[in-house]
Every structure is written in structure tokens, then in C-alpha cells.
Amino acid sequence: MAELKTKPTNVDPAKFVDSIKDARRRADAQALLAMMTRVTGETPRMWGSAIVGFGSYHYTYATGREGDWCVTGFSPRKDSLTVYILPGLHLQQANLKKLGKVTTGKSCIYIRKLDDVHMPTLEKMVKQAGKDLPKVAAAMRKLRKEKRAR
């Protein structure tokens, strides 16, 4: 089984964010860093070379593969800021409707610039991620247990 490449590092997230060349992307990343630190109450940590993560959890897939990942975080990519809501966006449909001009994946929100989003809603979503994760993890464990019992 391949080892997960994205792991926590000792790189300082603030230094990483301050090194972003594009001024707008850097300012947006600094704002996300401050907001997520405040909302989660967690110390930010770099995951791999480009993800600033908050909190962590251990997961195990039905296949037996397991690892650790952040509960929420962001990455200042070239085309957009990617915000990670690891319990999944399916639990936050009402908030997504209020968020503003974004595109999404299963657990990712892609933001061109923070001016495009309603920040109080994004803050609510980040906070909710921490509350939802234990419920989602418990439901997944229950499903795996039921599947093994069959």
C-alpha cells in the first residue's frame, strides 16, 4: 500500500504564507490564516509543501488504508484559494448557498478572491467542520462494522 505523501511538516505556516509572490493571493492567505486560527482555536500546521491545516484526525478506510489529515485548512493555489472542509460539503448545503462566488468539490471550496465570499458564512463553515467530523467518523465506523458483519 502506498504511503500518503502529504504529511505534517515543521515549516512555519506564517512564513509560507508571507512568501507568496502574488500580493492579492498573499493578502487573502494571510486573512484565511488569521480567521482559521481564531475560529478553530488550533495552531496552524503545514501539511506537505502547500496546505495550511488546522486540527487533525486519524482515519481508516474500509480497505484498511489509514492515515492522518487536517480537519480544515487551505492552500493558496495559482488559480484559486482552496479551502478544505474535510467532513464534506454535503453537510453544509445551506451555507454554500450563502457563501458567494465559488466552485466546489466533495470537500473543497475554490475561491478566486476572498472579496467574492461572505466571510461570516465561511467562518461558520470552518467552525462547523470541527463539529461535524466526529459525527461523520462515527457513522463511517458504524457502516464498516455493519459491512463486516454481513
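**Strand 6 and the core around it**

Let's start at a hairpin: 4 residues link strand 5 to strand 6. Keep in mind that this is a predicted model. The two strands, with strand 5 covering residues 72-76, pair antiparallel over 5 bridges. One pairing to look for is T72, whose bridge partner in strand 6 is I85.

Now turn to the other pairing of strand 6, with strand 8. These two also run antiparallel, joined by 4 bridges. Here V83 has I109 of strand 8 as its bridge partner.

So how is strand 6 placed, covered or open? Mostly covered, with 5 of its 5 residues buried. Side chains in a regular strand alternate between the two faces of the sheet. In strand 6, L81, V83 and I85 point one way while T82 and Y84 point the other, and all of them are buried.

Nonpolar side chains tend to be buried together in soluble globular proteins. In this model the largest nonpolar core has 30 residues, and F74, V83, I109 and L122 are the ones touching the most other members. Elements that supply two or more residues to this core are helix 1 (13-18), helix 2 (23-40), strand 2 (51-54), strand 6 (81-85), helix 3 (93-99), strand 8 (108-111) and helix 4 (119-149). Helix 2 is the biggest contributor, giving 6 residues.

For a closer look, pick I109. Setting aside neighbours within four places in sequence, I109 is in contact with L81, T82, V83, I85, L89, L99, V102, T103, L122 and M125. Apart from the largest core there is another one, of 8 residues, including I51, Y59, C70 and L86.

Note on methods
Residues numbered from 1 in each chain as written. Predicted model: local features only at pLDDT ≥ 70, side-chain atom pairs only at ≥ 80, totals over all residues. Heavy atoms only, no water. Core = buried A, V, L, I, M, F, W, Y, C linked by side-chain atoms within 4.5 Å. Buried < 20%, exposed > 50% of the residue type's maximum accessible area, 1.4 Å probe, protein only. Contact = heavy atoms within 4.5 Å. Pairing = 2+ DSSP bridges.
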